[in-house]
Amino acid sequence: MPDPGLPAHTWRPTDVDPRLEKRAERQIAAMFIAAMLSAVLFVVAYFTLDIGDNWTTFAGMGASTIALGLTLGTSLLLIGIGIIHLARKLMADAEMVEMRHPAASPVEDREATVKALQDGIEESGIGRRPLVRNTMIGAVGVLGLPAVVLLRDLAPGDALDTSKLAHTIWEPGMRLVRDVVGTPILASEIEMGDLINAAPEAMFPTEENGYPELEGAEEQAEKAKGAIIIVRMNPDDLTPATRPDKWTVDGIICYSKICTHVGCPISLYERTTHHVLCPCHQSTFDLADGAKVVFGPAARPLPQLPLAVDDEGYLVAQSDFNEPIGASYWEREKHK
C-alpha cells in the first residue's frame, strides 16, 4: 500500500494573526490570575468562615465546606484550562511521524530526547511570552497556600502552639486504666511477662474520678498522646536507665505506646529479650534498658512514664512522660 503522506498543514488563527495571538495570551494569563485569586480566597474562607454547630447551612452542607471546595476546585480548574489553551493556541503546531522503536533506547536516542525536550520548551514560546509564563508560574505557586493551610490543620488544636506537642493529659496521681474498658490496674494483678495496653483514667471520666468530659478533636488528640504500654519483668533485668529505684513498681515499667520514628502505635512484645517492635518500620526498643533503640530507623528511646501505687494498690502516674512523646518535630528540644 503506498504511503499516502500527510495532509496539508492547516494554520491556526493564532499562527497567522498577531492580534489573535495577543488576545489568546491575555485570555490564558487571565485564567492564571483568576486561579491565583481563587487560591487566596480559599485561605480567606478557611480563616473567616466558622464551622460552628449548625453546619447544614446550604444544601445540607456548611458554608465553609462549600467555599473551600469551590475555591480550591476553581483554582485547579483554571490552571488546567489555561495550560490546555496554551497548548492548543500558542505552542508549536506541526505534524510529525515517529517510527516504532525497541523499548530499550540507546544513548543516542536518550540524548535526542533531551534535545527534543529543549526544542519543545523553545517552541512553546514560554521564553518569549513572559506574560503567560509568569502568570502560569504564579498560579501554580499561589496554589501552595491552600496546601500549607491544610497541612497546618493536621496538628491538634492550635497548630502554632507547639507546647501542646510536648505535654500530655497525664498528671501526678492519675490512675492507669486498661484501654477500651477503662478499668484501673492493680499492681498485684500483673503477671511476669505481661504486656498491657493502657490509657489515662481521664479518658474515661465519671462522677467518681471527676475528670472533665472531652469531645471531638481534643479527645482524639489526648487519647493518642496518652497511650501507654505496661510490662512486668524481673527487677534484676532492669538497667539504671529505667530508673528502677524511682519510676518502676516491683518490675512494672511503663512507656509511651507511640514510636519515636513516625508515631505508629507499638505493642509487638518479645518476652525473652524484653524487646518491643514497631510494625510500621521495624524499629525495635529494649524495654529493660530505658527503651533504647536496638534496631531500625527510630532515633530516640520511648519516653517513660514514672509509676507509683496509690493507697488501694492501683498503678498511678508520678508525673507526665519524662520527655515529649512521638516523632521528632521542629521545636522539640525547646520543650524538653
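## Thr284 and the Gln282 backbone

In this predicted model, a polar atom of the Thr284 side chain lies 3.2 Å from the backbone oxygen of Gln282. Thr284 belongs to strand β7, which spans residues 284-286. With a relative accessible area of 10%, Thr284 is buried, because the limit for that class is under 20%.

Leaving aside residues up to four places away in sequence, Thr284 touches two runs of the chain: His275, Val276 and Leu277, and also Lys292, Val293, Val294 and Phe295. Strand β6 covers residues 275-277, so His275, Val276 and Leu277, which Thr284 touches, are the residues of that strand.

## Positive phi angles in two loops

Gln282, whose backbone oxygen is the partner of the Thr284 side chain, is located in the loop between β6 and β7. Its phi is positive, at about 65°, although Gln282 is not a glycine. The relative accessibility of Gln282 is 38%, and the residue therefore counts as partly exposed.

A second non-glycine residue with a positive phi is Asp250, for which the angle is about 50°. Asp250 is situated in the loop between β3 (228-232) and β4 (252-256). Its relative accessibility is 56%; Asp250 is classed as exposed because this value is over 50%.

## Packing of helices α2 and α5

Helix α2 comprises residues 18-48 and helix α5 comprises residues 130-142; their axes come within 8 Å and cross at roughly 20°. The two helices are therefore roughly parallel, since an angle under 35 degrees falls in that class. The crossing of α2 and α5 is left-handed.

On the α2 side, the contact is formed by Glu25, Ile28, Ala29, Phe32, Ile33, Ala35, Met36, Ala39 and Val40. On the α5 side, the contributing residues are Leu131, Val132, Thr135, Met136, Gly138, Ala139 and Val142. By class, the residues of this contact divide into 13 nonpolar, two polar and one charged. The charged residue is Glu25 of α2, and the polar ones are Thr135 and Gly138 of α5, because glycine is counted among the polar residues in this scheme.

## Links between α2 and α3

Leu41 also lies in helix α2. Its relative accessible area is 49%, and Leu41 is accordingly partly exposed. The C-alpha atoms of Leu41 and Thr71 are 6.4 Å apart, although 30 residues separate the two in sequence.

Leu70 is placed in helix α3, which covers residues 63-90. At 54% relative accessibility, Leu70 counts as exposed. Between Leu70 and Ser38 the C-alpha to C-alpha distance is 8.6 Å, with a sequence separation of 32 residues.

## The chain as a whole

The secondary structure of the chain amounts to nine helices and 10 strands. The chain has 336 residues, of which 38% count as buried; Thr284 is one of the buried residues.

Among contacts in the chain with a separation of 6 or more, 62% join residues 24 or more positions apart.

Terms used
Residues numbered from 1 in each chain as written. Predicted model: local features only at pLDDT ≥ 70, side-chain atom pairs only at ≥ 80, totals over all residues. Heavy atoms only, no water. Axes fitted to C-alpha atoms, helices over the stretch in contact; angles between N-to-C directions. Helix = DSSP H or I, 4+ residues; strand = E, 2+ residues; numbered from the N terminus. Parallel < 35°, antiparallel > 145°, perpendicular 65-115°, else oblique. Left-handed = near helix turned anticlockwise from the far one by under 90°. Contact = heavy atoms within 4.5 Å. Buried < 20%, exposed > 50% of the residue type's maximum accessible area, 1.4 Å probe, protein only. Polar contact = N/O pair within 3.5 Å; in protein donor to acceptor, adjacent residues only side chain to side chain.
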